[in-house]
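Thank you all for making time this morning. I would like to walk you through a few places in this structure, and I will go slowly so that you can follow along on the screen.

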Amino acid sequence: MICSIVPPYMLRRIAAQNEPRLRAVARAAKESLLHIKDLQAIRTAPLPAAPPSARQAKPGPPKRTIYDAGSLETLPGRVVRKEGAPAAGDSAADEAYEGLGNTHRLYGEIFGRDSIDDAGLPLDASVHYGKLYDNAFWDGSQMVFGDGDGQIFQRFTKSVSVIGHELAHGVTQYTANLAYRNQAGALNESMSDVFGVLVEQFAKKESVEQASWLIGEGLFTDQVQGAALRSMKAPGTAYDDDVLGKDPQPDSMDTYVRTSADNGGVHINSGIPNRAFYLVSAALGGNAWEAPGQIWYGTLTSGALPATCTFGKFARTTAATAEELFGAGSAEHDAVLKAWDTVKVKV
């Protein structure tokens, strides 16, 4: 399934605008919605994890290629920067190159994973996709970035968390392969938010206390009343804008949103497991990519998550992973149990 960073409900809000100053923006949002709908109709078979024979004892170096789509929607486009080459002098291309490298480094140095598939998968990305394209997405094999419309969104390579988020969909695709619907879909989105912020925090060497815990910080222009697409620390507070409306994410099961839209609320209800991860990190302090990240990564790659995983099953598996890694009654185990209790998910 094609996974994009901007939720469809946000694009629908923009597409519904009829003010003269927003006509081009509304048209761009409509085209983005139709495009994502077409892409999501293309279902791909689950990808198996790399066999042990394909894995290296130590993760290898990244193999990055950045393409320029030239404002067309034909992929991948023209090569503008390959692994080890000097900066291209194009902000989007160079941001994509650095973002792919930071993501590869997090997985390799912290989790011992050799790229997205754990077998050295080359990391490809296309920038300048489409005209006024308001999105970034993982298409099952590569990253794709639009330049935004200039009024609501800026170029999508500006946010390291966006790059980390979309590549994490690839990791999920190669491991748990969580279905992109209902609670499993919300977990799919949440895992990408978790590893998106971890890539950003790792790249910036930010502690739990220093980090913003925002997904897509820097994407909005100064015309928008908002900081980012989502907040993991305080779901529901990322934006409150006349055009975009108010951030609809719940922060606990008390306000869980039951809807058929957005594939059953995958971008909405992800706020609940997102906050749980933040709470574990806040309780433990230090660097979120250490104990909290190890617990979440261990859960994702455990083989214990069914494709239609529920929040409850996921919560129980994180608790089991914390117990396995750090021991029953450890600070890490207790933090996990308390976090899920706070967001009202029963372990």
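Please keep in mind throughout that this is a predicted model. Let me begin with helix H3, residues 91-111, where a simple check is possible: at 1.5 Å a residue, its 21 residues should span 30 Å, and the end C-alpha atoms are in fact 29 Å apart, which agrees. Of those 21 residues, 15 are buried, so H3 is largely enclosed by the rest of the structure.

If you look at the two ends of H3, the N-terminal one is capped by Asp90, with a side-chain oxygen lying 2.9 Å from the backbone nitrogen of Ala92, while the helix is followed by Gly112, whose phi is positive, near 65°.

What does H3 pack against, and at what angle? The partner is helix H5, residues 182-204, and the two pack at an angle of about 90°, with their axes 9 Å apart; H3 and H5 are therefore roughly perpendicular to each other. On the H3 side, the residues that meet H5 are Asn102, Thr103, Arg105, Leu106, Tyr107, Glu109, Ile110 and Phe111, and on the H5 side they are Phe195, Leu198, Val199, Phe202 and Ala203. Sorted by character, the residues of this contact between H3 and H5 comprise nine nonpolar, two polar and two charged.

Let me turn now to a single residue, Gln142, which sits in the loop between strand E5 (136-138) and strand E6 (143-145). Is Gln142 buried or exposed? Its relative accessible area is 8%, and because the cut-off for buried is under 20%, Gln142 counts as buried. Its side chain makes a polar contact with the side chain of Ser126, at 2.9 Å, and, leaving aside neighbours within four places in sequence, Gln142 is in contact with Leu75, Pro76, Asp124, Ala125, Ser126 and Phe137.

A second buried residue is Ala322, in helix H9, residues 311-326, with a relative accessible area of 0%. Its C-alpha atom is separated by 6.3 Å from that of Glu332, although the two residues are 10 residues apart along the chain. Again leaving aside neighbours within four places in sequence, Ala322 is in contact with Ile295, Gly327, Glu332, His333 and Val336.

Finally, back towards the start of the chain, helix H1, residues 8-15, is mostly covered, since six of its eight residues are buried, namely Pro8, Tyr9, Met10, Leu11, Ile14 and Ala15.

Terms used. Residues are numbered from 1 along each chain as its sequence is written. This is a predicted model: local features need pLDDT of at least 70, side-chain atom pairs count only at pLDDT 80 or more; totals for chains, interfaces and linings use all residues. Side-chain values use heavy atoms; hydrogens and water are left out. Helices (H or I, at least four residues) and strands (E, at least two) are DSSP runs, numbered from the N terminus. The expected span of a helix is 1.5 Å times one less than its number of residues. Buried means under 20% relative accessible area, exposed over 50%, partly exposed in between (1.4 Å probe, protein chains only). A polar contact is a pair of N or O atoms within 3.5 Å; within protein, one must be able to donate a hydrogen and the other to accept it, and residues adjacent in sequence count only if both atoms are side-chain atoms. Axes are lines fitted to C-alpha atoms, for helices over the stretch in contact, and angles run from 0 to 180 degrees between N-to-C directions. Angles under 35 degrees count as roughly parallel, over 145 as roughly antiparallel, 65 to 115 as roughly perpendicular and the rest as oblique. Contact means heavy atoms within 4.5 Å. Ala, Val, Leu, Ile, Met, Phe, Trp, Tyr, Cys and Pro count as nonpolar, Asp, Glu, Lys and Arg as charged, and the others, Gly among them, as polar.
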